Amino acid sequence: MKDLQTSKKDALAAYKVAKMAFMETISKENIKGDAAKWAEFCEAKRNCMLLGVRI
């Protein structure tokens, strides 16, 4: 059970980092942001969802 909890914490931390990195690429001129950062953000969100982490 301890491994699952650490996996959830790590996934949530990775999600937060990926979200902040993606949000930094968004501006008034470029509302879509960077596609590579968006893909990393989506992958981190997917990992959280698979582990059952509430975002």
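Both Phe22 and Phe41 are buried, and I should say straight away that this is a predicted model, so that everything I describe is to be taken as computed from that model.

Let me stay with these two residues for a moment. With ring centres required to lie within 6.5 Å, the count comes to two aromatic pairs. One of them is the pair formed by Phe22 and Phe41, which is stacked, with 5.8 Å from centre to centre and 5° between the planes. Because Phe22 lies in helix H1, residues 2-24, while Phe41 lies in helix H2, residues 35-51, this pair ties together parts that are 19 residues apart in sequence. Tyr15 also belongs here, since together with Phe22 and Phe41 it forms one aromatic cluster.

Now to helix H2 itself. H2 has 17 residues, and from its first C-alpha to its last it reaches 25 Å, close to the 24 Å expected at 1.5 Å a residue.

Which residues of H2 are buried? They include Phe41, which we have just met, along with Ala44 and Cys48. These three cover an arc of only 65° around the axis, which puts them on the same side of H2. What do the buried residues of H2 pack against? Their packing partner is H1, the helix in which Phe22 lies. On the other side of H2, by contrast, Ala35, Met49 and Leu50 are exposed.

Finally, a word on what comes after the helix: H2 is followed by Gly52, and the phi of Gly52 is positive, near 85°.

Conventions:
Residues are numbered from 1 along each chain as its sequence is written. This is a predicted model: local features need pLDDT of at least 70, side-chain atom pairs count only at pLDDT 80 or more; totals for chains, interfaces and linings use all residues. Side-chain values use heavy atoms; hydrogens and water are left out. Rings of Phe, Tyr and Trp (its six-membered ring) pair if their centres lie within 6.5 Å; planes under 30 degrees apart count as stacked, over 60 as edge-to-face and the rest as tilted. Helices (H or I, at least four residues) and strands (E, at least two) are DSSP runs, numbered from the N terminus. Buried means under 20% relative accessible area, exposed over 50%, partly exposed in between (1.4 Å probe, protein chains only). The expected span of a helix is 1.5 Å times one less than its number of residues. The arc is that of the directions from the helix axis to the C-beta atoms. Contact means heavy atoms within 4.5 Å.
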